[in-house]
Amino acid sequence: GKARAAEAESRAVAAKEFADARLKAAEQRAAAAESAAADVATLAAELNEARTVAKNAEGKCEWNQKKLRKAIEKGKGIEQERNESRAQLDEAKAEVSKLKSEAAAREAAATTRAEAAERALATAERQEKETGAQLAALRAEQLLVVRDIARQKSSSETSLDAARARATSLEADLDSE
């Protein structure tokens with residue numbers, strides 16, 4: 001009787017430790033999901049910043065082009081000034097092209113990271129749901145094990161009480177003989 005109770009109690013302790021380990025793993029996955037959600041917000045901000053940079057670069061380019069055209073239209077007539085203006089225009093176009101390329105690369109990178117973060121978030125959310133279901137199952141299993149131990153303990157105590165009563169009865173019979 002005692003050996004069975006000890007074995008049942010040992011199994012219950014092992015089941016509780018297993019359930020605790022699973023619970024800790026579930027909490028770690030939930031923390032990873034929250035981190036992925038924070039990354040999505042950061043990437044969205046970076047995407048907006050890249051769009052603003054591209055828009056500003058286009059505005060700067062347009063402004064530079066207008067400025068150079070006016071200088072040419074006024075026709076200062078001096079060849080050197082006209083050549084300088086053309087050189088400035090070419091530089092501005094190169095700068096705009098470079099800025100557009102950089103902005104496009106930033107936007108593409110931000111979009112890629114945002115998509116990856118969204119996929120990671122979806123995976124984390126799915127894992128969180130799975131973990132919640134596993135946790136509920138482990139808690140239900142833990143409750144069943146605890147109840148089983150209580151039943152076995154009660155049964156063992158009842159058997160022990162019956163054995164003590166029988167021993168007392170046999171001692172009384174021996175004393176009376």
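The legends below describe an overall view and several close-up views of a predicted model. In this predicted model, local features need pLDDT of at least 70 and side-chain atom pairs count only at pLDDT 80 or more, whereas totals for chains, interfaces and linings use all residues. Residues are numbered from 1 along each chain as its sequence is written, and side-chain values use heavy atoms, with hydrogens and water left out.

**Figure 1. Overall view of the chain, with two helices and zero strands.**
Helices (H or I, at least four residues) and strands (E, at least two) are DSSP runs, numbered from the N terminus. Helix α1 covers residues 2–73, and helix α2 covers residues 79–176. The C-alpha trace spans about 145 × 20 × 15 Å along its principal axes. The radius of gyration of the chain is 39 Å, whereas a compact globule of 177 residues would have a value near 16 Å. This radius is taken over C-alpha atoms, and the globule rule is 2.2 Å times the number of residues to the power 0.38. Of the 177 residues, 16% are buried; buried means under 20% relative accessible area, exposed over 50%, and partly exposed in between (1.4 Å probe, protein chains only). Among contacts (heavy atoms within 4.5 Å) with a separation of 6 or more, 91% join residues 24 or more positions apart.

**Figure 2. Close-up of Gln-65 in helix α1.**
Gln-65 has a relative accessible area of 18% and is therefore buried. When residues up to four places away in sequence are not counted, Gln-65 touches Leu-89 and Lys-93. Lys-93 also serves as a reference point for Glu-62, another residue of helix α1. The C-alpha atoms of Glu-62 and Lys-93 are separated by 9.6 Å, although the two residues are 31 apart along the chain. At 46% relative accessibility, Glu-62 counts as partly exposed.

**Figure 3. Close-up of the salt bridge between Lys-60 and Glu-95.**
A salt bridge is a side-chain nitrogen of Lys or Arg within 4 Å of a carboxyl oxygen of Asp or Glu. For the side chains of Lys-60 and Glu-95, the N to O distance is 3.1 Å. Because Lys-60 lies in helix α1 and Glu-95 in helix α2, the pair ties together parts that are 35 residues apart in sequence. Both partners are partly exposed, Lys-60 with a relative accessible area of 42% and Glu-95 with 35%. A search of the whole structure finds eight salt bridges, and two others appear in Figure 4.

**Figure 4. Close-ups of two salt bridges, Asp-20 with Lys-16 and Glu-130 with Arg-126.**
In the first pair, the closest N and O atoms of Asp-20 and Lys-16 are 3.1 Å apart. These residues are separated by about one helical turn because they are four residues apart in helix α1. Asp-20 is partly exposed at 38% relative accessibility, as is Lys-16 at 40%. In the second pair, the side chains of Glu-130 and Arg-126 meet with an N to O distance of 3.6 Å. Glu-130 and Arg-126 both belong to helix α2, where four residues, about one turn of the helix, separate their positions. Glu-130 is partly exposed at 39% relative accessibility, and Arg-126 is partly exposed with a relative accessible area of 43%.

**Figure 5. Close-up of Ala-44 in helix α1.**
Ala-44 is partly exposed, with a relative accessible area of 36%. Its C-alpha atom is separated by 17 Å from that of Lys-55, which lies 11 residues away along the chain.

**Figure 6. Close-up of the largest pocket, which holds about 300 Å³ of space.**
On a 1 Å grid over the protein atoms alone, a pocket is an open set of points where a 1.4 Å probe fits, with protein on both sides within 12 Å along at least five of seven lines; lining residues have an atom within 4 Å of a point. Grid points are joined across faces, edges and corners, and the volume is the space filled by probe spheres set on the points. The lining includes Gly-1, Lys-2, Arg-4, Ala-5 and Arg-11, together with Gln-152, Lys-153, Ser-155, Ser-156, Glu-157, Ser-159 and Leu-160. Helices α1 and α2 each supply at least two residues of this lining, and the largest share, seven residues, comes from α2. By class, the lining has two nonpolar, five polar and five charged residues. Ala, Val, Leu, Ile, Met, Phe, Trp, Tyr, Cys and Pro count as nonpolar, Asp, Glu, Lys and Arg as charged, and the others, Gly among them, as polar.
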